[in-house]
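These are my notebook entries from a session of looking things up in one structure. I set them down topic by topic.

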Amino acid sequence: MTGYERPVLSVKHLNKQYGRGCLKCVNKASLLKNYCPSCGTVYACQDISFDVHPGEVVGIVGESGSGKSTLMKCLYFDQEVTDGEAYISVYENGEKNLFQQSAQQKRYIRNNVMGKVYQNPLLGLKMDFSSIGNIAEKLISAGNRHVKMMESRGIELLDKVNIPVHRRKEAPKKFSGGMQQRVQIAKALSNNPPLLLLDEVTTGLDLSVQASVLDLIKELQRELNISIVLVSHDLSVIRMLADRTFVMLEGKVIEEGLTDQILEDPQASYTQQLVHSML
Amino acid sequence: MEHLLEIKNLSKIFTLHNLGKKIHAVSGIDISLKQGEFIGITGKSGSGKSTILKSIYGTYKIQEGSIRYNSKKYGPINLTTATAREMIYLRKHEIGYVSQFLSVMPRTSARELVKQSLMEMGTPQEKADWETEKMLEHFELDKELWDSYPATFSGGEKLRLNIARAMVKRPRLLLLDEPTASLDLDSKMKVKVLIEQLIKEGTTMLGIFHDLEFMENLCDREYSMQNGMLSNSISY
């Protein structure tokens, strides 16, 4: 490629296993799917590498248990990786492996250069705090102390995600699932992160609410040119939003390519099965 | 490289794992296009016409043969081995594709759709607005429809919007997959006027048409396909 284009996020050889492993599974040949029958170790993510470029939406699809969410958790430090590297261009000029940073630095990265929206709003929001308080929490974690500024930023964001501003002091527990998801998105966006991680954000929402969340994501991506990693098992969500798509199975990336190529000319047997299962 | 596009010995085989089958969609395809040429492909349904276009556009993965494209940004590049990132760039800036079906973002107005095409190329807002309106006007899409969702449009309106969206970019290479298939005569003529204009501007085009009469008046060369192979070519 002429002209070097610098990725926002670069992940190299990420591995995550649950369990210590044993002599039998050390070369991963004797695994049942991604599980070692002798010692019970689960190899949730195996040697995953990818780049995400500025303004790009990368989709990750795969069945439940394929390691999609584990990957996202590792990237957001919700879980420790077993080994591997990740670099973000805006942190230390993209030269330092994020996984090797101190807990304090990881907190800084989480709060300043990334945003994440969880499938389950309970994980992303404090249900008893006010909605604007939830947003302020992230701003405070990032070092903001100016109350007026945080309030106006909160209002701006809630307005952007179509939460009525007069309900800003209400706790998310009083909101519908779709509204909670939108508050999560507002919170994730509060520090203008260059990278947004979205984990099954529309799963469990009814169709019209799903549509409003998807429209919001698309609009934000277009307006703010944020890079997004989008995990979903819903292929229509992927088709609508992702430029490129990765297919995961048993902890490994088995196929990657342009989204329309994955959907119209899937190569791997599993991907064909997945695409043919689409309604 | 003299040609803008040079397809050599292209074959596409679909492997269907669940049936344990291999399907040869096209084989041994050789087509070359010079800058500014308009080449048409005809043939029965299922003869592999669309496969060729989709292979060029990167929707199909190719295992055999090469598709050399002379890119403005990358220089000569083999599209069968280009990275997804390179294809995304080329789709945004250099290669357009008009299919017979409109597949668009739901809940996006006709105006927004055309405008997005321009915005993703980096066209400034105001210019994009203006060019969008000019294009929608040209295709005589009812003004009332401009701000409504294409899902509610008639077949002809959808198709006209689809063409408008691809043509507004003035791509270097335009792939037309039966763009006039379901249009009435009036709409066809509008497409024709635009194609003629694009020819004048030097756009290189490769198109599939059922309407031979329509094509013969426009094309420099015509290939016909049979069972996945090019059977003969006629130059005008």
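The entries below cover cysteines, strands, helices and a few single residues of this predicted model.

**Entry 1. Cysteines**

I began with the cysteines and searched the whole structure for disulfides; the search returned 0 over all chains. I then looked at A:Cys25, which takes part in no disulfide, and found its nearest cysteine sulfur to be that of A:Cys36, 3.6 Å away. A disulfide requires two cysteine sulfur atoms within 2.5 Å. I also noted the accessibility of A:Cys25: the residue counts as buried because its relative accessibility is 0%.

Next I asked why A:Cys45 has no bond to the closest cysteine sulfur. That sulfur belongs to A:Cys74 and lies 5.4 Å from the sulfur of A:Cys45, which is too far for a bond. A:Cys45 has a relative accessible area of 1% and is therefore buried.

**Entry 2. The three-stranded sheet of chain A**

I traced an open sheet of 3 strands in chain A, with the order E2-E1-E4 and antiparallel pairing. Its edge strands are E2 (42–52) and E4 (83–88) of chain A, each of which pairs on one side only. For the turn between neighbouring strands of this sheet I noted an average of 15°, direction ignored.

I looked further at strand E1 of chain A, residues 9–18, which pairs with E4(A) in the antiparallel sense over 5 bridges. Which residue of E4(A) is the bridge partner of A:Lys12? I found A:Glu85 in that position.

I then checked what packs on the sheet and recorded helix H1 of chain A, residues 68–75, which touches E1 and E2 of chain A. The direction of H1 makes about 115° with that of E1(A).

**Entry 3. A:Ser89**

I located A:Ser89 in the loop between E4 and H2 of chain A. Is this residue buried or exposed? With a relative accessible area of 19%, A:Ser89 is buried, since the limit for buried is under 20%. Setting aside neighbours within four places in sequence, I listed its contacts as A:Arg6, A:Pro7, A:Val8 and A:Gly94.

**Entry 4. Helix H4 of chain A**

I turned to helix H4 of chain A, which spans residues 131–141. Its buried residues are A:Ser131, A:Ile132, A:Asn134, A:Ile135, A:Ala136, A:Lys138 and A:Leu139. I asked what these buried residues pack against. The partners, in chain A, are helix H2 (103–112), strand E5 (114–117), helix H5 (147–160) and H6. Just after H4(A) I noted A:Gly143, which takes a positive phi of about 105°.

**Entry 5. The pair H6 and H7 of chain A**

I compared the axes of helix H6 (residues 177–189) and helix H7 (residues 207–224) of chain A; they come within 9 Å and cross at roughly 15°. H6(A) is therefore roughly parallel to H7(A). I recorded the crossing of H6(A) past H7(A) as right-handed.

On the H6(A) side the contact is made by A:Gly178, A:Gln181, A:Arg182, A:Ile185 and A:Leu189. On the H7(A) side I listed A:Val209, A:Ser212, A:Val213, A:Leu216, A:Ile217, A:Leu220 and A:Leu224.

**Entry 6. Strands of chain B**

I moved to chain B, where 10 bridges join E1(B) to E2(B) in an antiparallel run. I noted B:Ile13 opposite B:His24 in E2(B). E1(B) and E2(B) form a hairpin with 4 residues between them. In the turn, B:Gly20 has a positive phi of about 60°.

I also followed E1(B) to strand E4 of chain B, residues 64–71, where the two pair in the antiparallel sense over 5 bridges. Here I found B:Leu5 opposite B:Tyr69 in E4(B).

**Entry 7. B:His17**

I placed B:His17 in the loop between strand E1 (3–16) and strand E2 (21–34) of chain B. At 37% relative accessibility, B:His17 counts as partly exposed. Which residues is B:His17 in contact with, leaving aside neighbours within four places in sequence? I recorded A:Gln267, A:Ala268, A:Ser269 and A:Gln272. Between the C-alpha atoms of B:His17 and B:Met121, 104 residues apart along the chain, I noted a separation of 39 Å.

**Entry 8. Helix H2 of chain B**

I closed with helix H2 of chain B, residues 84–93, which is mostly covered, with 7 of its 10 residues buried. The buried residues of H2(B) are B:Ala84, B:Arg85, B:Glu86, B:Met87, B:Ile88, B:Leu90 and B:Arg91.

Technical notes. Residues numbered from 1 in each chain as written. Chains lettered and ligands numbered in written order. Predicted model: local features only at pLDDT ≥ 70, side-chain atom pairs only at ≥ 80, totals over all residues. Heavy atoms only, no water. Buried < 20%, exposed > 50% of the residue type's maximum accessible area, 1.4 Å probe, protein only. Pairing = 2+ DSSP bridges. Axes fitted to C-alpha atoms, helices over the stretch in contact; angles between N-to-C directions. Contact = heavy atoms within 4.5 Å. Parallel < 35°, antiparallel > 145°, perpendicular 65-115°, else oblique. Left-handed = near helix turned anticlockwise from the far one by under 90°.
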